[in-house]
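User: Hi! I have a chain open here and I'm new to this. Can you walk me through it?
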Amino acid sequence: MTRRITVQHQFVDIVPNTLQEGVVYVCIPYTTAVHLCLCGCGEEVVTPIRPTGWSLTFDGVAVSLHPSIGNWAFSCRSHYWITRNRVRWDRQWTHAEVTTARRREDANRTHYFARATPAPAQSNRNTDTPNRRPTTARRVTQWLRPSNWLRRERRRAPHNGDDATCRPVE
Ligand SMILES: [Zn+2]
């Protein structure tokens, strides 16, 4: 197995069934990116692109994913950053570090969705306003609808809230 130091990206409407090594498939309709683990182990890594997941940057030439990707559920336990189609390998975390990060991630996600839920109406008046825009909560619900998710999200990737380091992929 050879660790990659660069990747290519492909924007796709649907992620293909067979993935090529070294290609990051960016699927905007499903707000998800998918690639085969860059250590060469062949595991499929899914990184949801959303406020509680990863952010994707495309500068017109190359893509970056932030934060890093920690494949702690794979036997390789690889950990790397993808920045402008380059791969920077990072150290493996200890099990304790991964556990701590997951707890923090769970708390952050709970906090995020609590903030995304609108407060109850103060009054029953003016609640029949027509043409209301979708609320944040509704948009969140749309994300969570299975039809809006990747065709097969076998490796759903939860995220820790560790700001500068890593989101572990389970
Ligand atoms: Zn791997």
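User: Let's start small. Which residue in S2 is the bridge partner of Phe11?
Analyst: That is Val26. Keep in mind that this is a predicted model.

User: OK. And what is the bridge partner of Gln8 in S2?
Analyst: Val23. Both pairs belong to the pairing of strand S1, residues 8–11, with strand S2, residues 23–27. These two strands run in the parallel sense, over 4 bridges.

User: What holds paired strands together in general?
Analyst: Strands of a sheet pair through backbone hydrogen bonds, parallel or antiparallel.

User: So S2 and S3: parallel or antiparallel?
Analyst: Antiparallel. S3 covers residues 32–36, and 3 bridges join S2 to S3. For one of these, look at Tyr25: its bridge partner in S3 is Val34.

User: How many residues lie between S2 and S3 in the hairpin?
Analyst: There are 4. Thr31 sits in that loop. Its phi is near 40 degrees, which is positive, and Thr31 is not a glycine.

User: Is Thr31 buried or exposed?
Analyst: In between. Thr31 counts as partly exposed, because it has 17 C-beta neighbours inside 10 Å. The cut-off for buried is 20 or more.

User: Zooming out, what is the strand order in the open sheet?
Analyst: The order is S1-S2-S3-S4. The sheet has 4 strands, and its pairing is mixed.

User: Which strands stand at the edges?
Analyst: S1 and S4, where S4 is 44–48. Each has a single partner strand, so one side of each is left without a neighbour in the sheet. Neighbouring strands of this sheet are turned by 20 degrees against each other on average, ignoring direction.

User: Back to Gln8. What does Gln8 touch beyond its neighbours within four places in sequence?
Analyst: Gly22, Val23 and Asn85. Gln8 itself is in strand S1. Gln8 is partly exposed, because 13 other C-beta atoms lie within 10 Å.

User: How far is Gln8 from Arg84 in space?
Analyst: The distance is 9.5 Å, C-alpha to C-alpha. In sequence they are 76 residues apart.

User: Where is Arg84 found?
Analyst: Arg84 is in the loop between S7 and strand S8, which is 86–89. Arg84 has a positive phi of about 50 degrees, although it is not a glycine. Arg84 also counts as partly exposed, because it has 13 C-beta neighbours inside 10 Å.

User: New topic. How many residues are in the largest nonpolar core?
Analyst: It has 21. Val24, Ala33 and Leu65 have the most contacts inside it. The elements giving two or more residues to this core are S2, S3, S4, strand S6 (63–70) and strand S7 (79–83).

User: What is Ala33 in contact with, leaving aside neighbours within four places in sequence?
Analyst: The list includes Val24, Tyr25, Val26 and Cys27. Thr47, Ile49, Leu56 and Leu65 are on it too.

User: S6 came up there. How many bridges join S5 to S6?
Analyst: There are 4, and the two strands run antiparallel. S5 is residues 55–58. One pair is Phe58 with Val63 in S6. S5 and S6 form a hairpin with 4 residues between them. In its turn, Gly60 has a positive phi of about 100 degrees.

User: And what about S6 and S7, parallel or antiparallel?
Analyst: Antiparallel again, with 3 bridges. Ile69 stands opposite Tyr80 in S7.

User: Which residues does the cis peptide bond join?
Analyst: His66 and Pro67, with omega about 0 degrees. Pro67 is found in strand S6.

User: Why does Gly70 count as buried?
Analyst: Because Gly70 has 27 C-beta neighbours inside 10 Å. Gly70 is in S6 as well. Its C-alpha is 4.3 Å from that of Pro168, although they are 98 residues apart along the chain.

User: Last one. What does the chain average in pLDDT?
Analyst: It averages 80, and 71% of the residues score at least 70. Take care with residues 134–165, where pLDDT stays under 50.

Terms used. Residues numbered from 1 in each chain as written. Predicted model: local features only at pLDDT ≥ 70, side-chain atom pairs only at ≥ 80, totals over all residues. Pairing = 2+ DSSP bridges. Axes fitted to C-alpha atoms, helices over the stretch in contact; angles between N-to-C directions. Buried ≥ 20, exposed ≤ 12 C-beta atoms within 10 Å, placed from the backbone. Contact = placed C-beta atoms within 7 Å. Core = buried A, V, L, I, M, F, W, Y, C linked by C-beta atoms within 7 Å. pLDDT = per-residue confidence, 0-100.
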